[in-house]
Amino acid sequence: SALQEFDLIFFGGTGDLAMRKLLPALYNRFRDSQHTQGWRIIGVARQDLSREQYLNLVSENCRQFIPGGDFDERAWTAFTAHLEYLRLDGTQPEGYAELARRLQNSNDRVRVFYLSTAASLFAQICTNLAANQLVTPQTRVVLEKPLGRDRASSYEINEAVAKIFEERQIYRIDHYLGKETVQNLIALRFGNAIFEPLWRRSNVQDVQITLSETVGVEGRGDYYDRYGALRDMVQNHLLQLLCILAMEPPSSIDPDAVRDEKLKVLRALRPITLDCIKAKTVRGQYRAGAIDGAAVRGYLEEADIPPDSHTETFVAIKAELDNWRWSGVPFYLRTGKRMQERMAEIVVNFRPVPHAILPTSASEGNRLVIRLQPDEEVRLYLMVKVPGAEMKVRPVDLNLDFKQEFKTRQWDAYERLLMDVILGKLTLFMRRDELDAAWRWIDPIRDGWDALGEPPKSYAAGTWGPTASNTLITRDGNTWREDG
Ligand code: NAD
């Protein structure tokens, strides 16, 4: 469907995220004719660039991030005709008059300020926007992660933004929620009646969520070392996936109906206190190793990393939910850099049959695997008979391969989320109380590690993390999926 008219202003318009994700996403939507006329993108950054120089920069950079088949010279030229550039230091009041001048005739249009800069600038940018009367009722603000390093700093940022914007105008982005398979998890759970009766402690043995990367810190060592895997991945992406998986059926798909249910999940997370932190968490740090046969350095040898850093590049957690549906079901969360494979996967392991009459079915249950990365797919493993004389069974998957089933091009997560912002759909964005509840659970883990004072466990790059991560789960009689 075509969109209403809008102005989209990117603070950080020359940054990595804008080039790699945001502008290619908008181009793709434009190419699909979702927005046709009456719209404009203004890239804002500190560099002194003419419009022409900016367009050259964008063209050079974005091209590598738009797959060949999607790149169309004419569409690209038509797209860039909607692009402008404004040199502005967001923290200084000076340049805003020019921004106001450019926006003066479009106060009725949807206006989006996308803050793709460090979160430390958000408060000042918002204050400057308001001081220049740039915040209209139709204005929205998009906040990139990370929104703080802990509950207190997150509170400060949100409080500053809330002085200027109402909650309904604030879009806290977590791009995992824009992925097609996450939407599909919602469709699977609430569009089918067969899963709901199974979706509980009586039938589910354990749940595993893995977000593994093969990359290291990729030139962002300075940022990464101050955050680590717990803040960078668990606090947002992993917990958001956990929420979608574990929440009660909302009464509608409306933003607050869904977010109320997600919030309840976060609040039901059993706190991880100092006395159980060693049993329930594992943190690791990669040393030198090999990824796909190529030697790679260890974390401590990466640029901008202090040689004695204790920052974790891997974390595994046994999370538990204190509520009727999930009591006693472990949710194993795991994420790391420089791991054996790049993948994002949710695994729901169902309990085995209560009484086995067939060989090998005794210990294995059915399994639902929802893959977000590298390919998006949903697999349901059922026990079937192996052909032949004997009555032997083994798991075989019913595979829903989206590429096969739907021949249309898959949208990138940012395409969906940007369109949702413009359309005013908040469902896939985090509400402030959700973020706060997530930090409330994360902070004590961080504090616990600090109190223990132990260094993270070492693992070789190109593996599945420290061996302790296996113990974390085998102790309960379970195994990570790639071992099982
Ligand atoms: P970057 O360092 O590549 O770009 C930062 C941009 O902000 C540049 O355009 C810079 O000119 C601009 N900028 C800096 N200070 C400014 C100021 N005072 N006034 C106006 N503009 C200013 O950073 P990035 O990788 O594009 O990340 C941007 C945001 O997105 C950050 O909050 C980051 O944490 C978040 N993020 C990035 C990624 C990613 O893959 N790059 C992923 C998730 C979240």
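In the predicted model, helix 1 contributes the most to the shell around the ligand, supplying three residues. Helix 1, spanning residues 16-31, is joined by strand 2, spanning residues 39-45, as the elements that each give two or more residues to this shell. The ligand is surrounded by 24 residues in total, and those that come closest are Gly 12, Gly 15, Leu 17, Ala 45 and Gly 90. When the residues of the shell are sorted by class, ten are nonpolar, nine are polar and five are charged.

Apart from its part in the ligand shell, helix 1 packs against helix 2, which comprises residues 51-63, and the axes of the two helices lie 9 Å apart at an angle of about 95 degrees. Because angles of 65 to 115 degrees count as roughly perpendicular, helix 1 and helix 2 are assigned to that category with respect to each other. On the side of helix 1 the contact involves Met 19, Leu 23, Pro 24 and Tyr 27, and these meet Val 58, Asn 61 and Cys 62 in helix 2. The contact of helix 1 with helix 2 comprises six nonpolar residues and one polar residue, with no charged residues.

A further helix pair is formed by helix 8 (residues 221-246) and helix 9 (residues 255-268), whose axes come within 9 Å and cross at roughly 110 degrees. That crossing angle makes helix 8 roughly perpendicular to helix 9, and the crossing in which helix 8 passes helix 9 is right-handed. Leu 239, Leu 242, Cys 243 and Ala 246 make the contact from helix 8, while Lys 262, Val 265 and Leu 266 make it from helix 9. Of the residues in the contact of helix 8 with helix 9, six are nonpolar and one is charged, whereas none is polar.

With regard to the overall architecture, the secondary structure of the protein amounts to 14 helices and 17 strands. The C-alpha trace extends over about 75 × 50 × 45 Å along its principal axes. For a chain of 484 residues, a compact globule would be expected to have a radius of gyration near 23 Å, and the value of 24 Å computed for the protein agrees with this expectation.

Definitions and conventions
Residues are numbered from 1 along each chain as its sequence is written. This is a predicted model: local features need pLDDT of at least 70, side-chain atom pairs count only at pLDDT 80 or more; totals for chains, interfaces and linings use all residues. Axes are lines fitted to C-alpha atoms, for helices over the stretch in contact, and angles run from 0 to 180 degrees between N-to-C directions. Helices (H or I, at least four residues) and strands (E, at least two) are DSSP runs, numbered from the N terminus. Angles under 35 degrees count as roughly parallel, over 145 as roughly antiparallel, 65 to 115 as roughly perpendicular and the rest as oblique. A crossing is left-handed if the near helix is turned anticlockwise from the far one by less than a right angle, and right-handed if clockwise. Two residues are in contact if their C-beta atoms, placed from the backbone, lie within 7 Å. Ala, Val, Leu, Ile, Met, Phe, Trp, Tyr, Cys and Pro count as nonpolar, Asp, Glu, Lys and Arg as charged, and the others, Gly among them, as polar. A residue is near a molecule or strand if its C-beta atom, placed from the backbone, lies within 6 Å of it. The radius of gyration is taken over C-alpha atoms; the globule rule is 2.2 Å times the number of residues to the power 0.38.
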